[in-house]
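Hi,

Here is the structure I promised to pass on. Have a look at it first, then read my notes below.

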Amino acid sequence: QVQLLQSGGGLVQPGGSRTLSCAASGFTLDNYAIGWFRQAPGKEREAVSCISANYGSTYYADSVKGRFTISRENARKTVTLLMNSLKPEDTGIYYCALGPRYVSCSGYVSIADFGSWGQGTQVTVSS
């Protein structure tokens, strides 16, 4: 069974850090782009970051550039999102998702390209 299993998240103070992990179960990550998305209360789901299948490209939303870092370890079938200098506006439910190999993760990321979503994990940034 193809699954993406997420871990991490929780309550963190402004300025703090948190790492989210997304682990593949039942398949290998090698041929997939991986995206991280978030959905804040009352808002649409948005792309936060993406890493291409060949490690060649990464994408970051303007709101997280310089603060978030995406990485992947295909051998461990894991993608992580390191989030630093967290702000209250980073609060939301974070999801990882698979994208096909052709997703370049450069310039623009379309949610429509992604399927097989993780279960989501809540990140709350608050003092």
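Let me start with the last cysteine of the first pair: Cys-96 is buried, at a relative accessible area of 0% (buried means under 20% relative accessible area, exposed over 50% and partly exposed in between, using a 1.4 Å probe and protein chains only). Its partner is Cys-22, and a disulfide joins the two with an S to S distance of 2.1 Å. Cys-22 is buried too, with 1%.

A quick word on how to read this: it's a predicted model, where local features need pLDDT of at least 70, side-chain atom pairs count only at pLDDT 80 or more, and totals for chains, interfaces and linings use all residues. Residues are numbered from 1 along each chain as its sequence is written, and side-chain values use heavy atoms, leaving out hydrogens and water.

In case the term is new, a disulfide is a covalent bond between the sulfur atoms of two cysteines; here it is called when the two sulfurs are within 2.5 Å. The structure has two of them.

Back to Cys-22 and Cys-96: their link is right-handed, with 75° about the S-S bond. Cys-22 sits in strand 3 (residues 18–25) and Cys-96 in strand 9 (residues 92–99), so the pair ties together parts 74 residues apart in sequence. Strands (E, at least two residues) and helices (H or I, at least four) are DSSP runs numbered from the N terminus.

The other disulfide joins Cys-50 to Cys-105, S to S 1.8 Å. Cys-50 is in strand 5 (residues 46–51) and Cys-105 in the loop between strand 9 and strand 10 (115–117), 55 residues apart. Cys-50 is buried at 0% relative accessibility, and Cys-105 is buried at 1%.

Cheers
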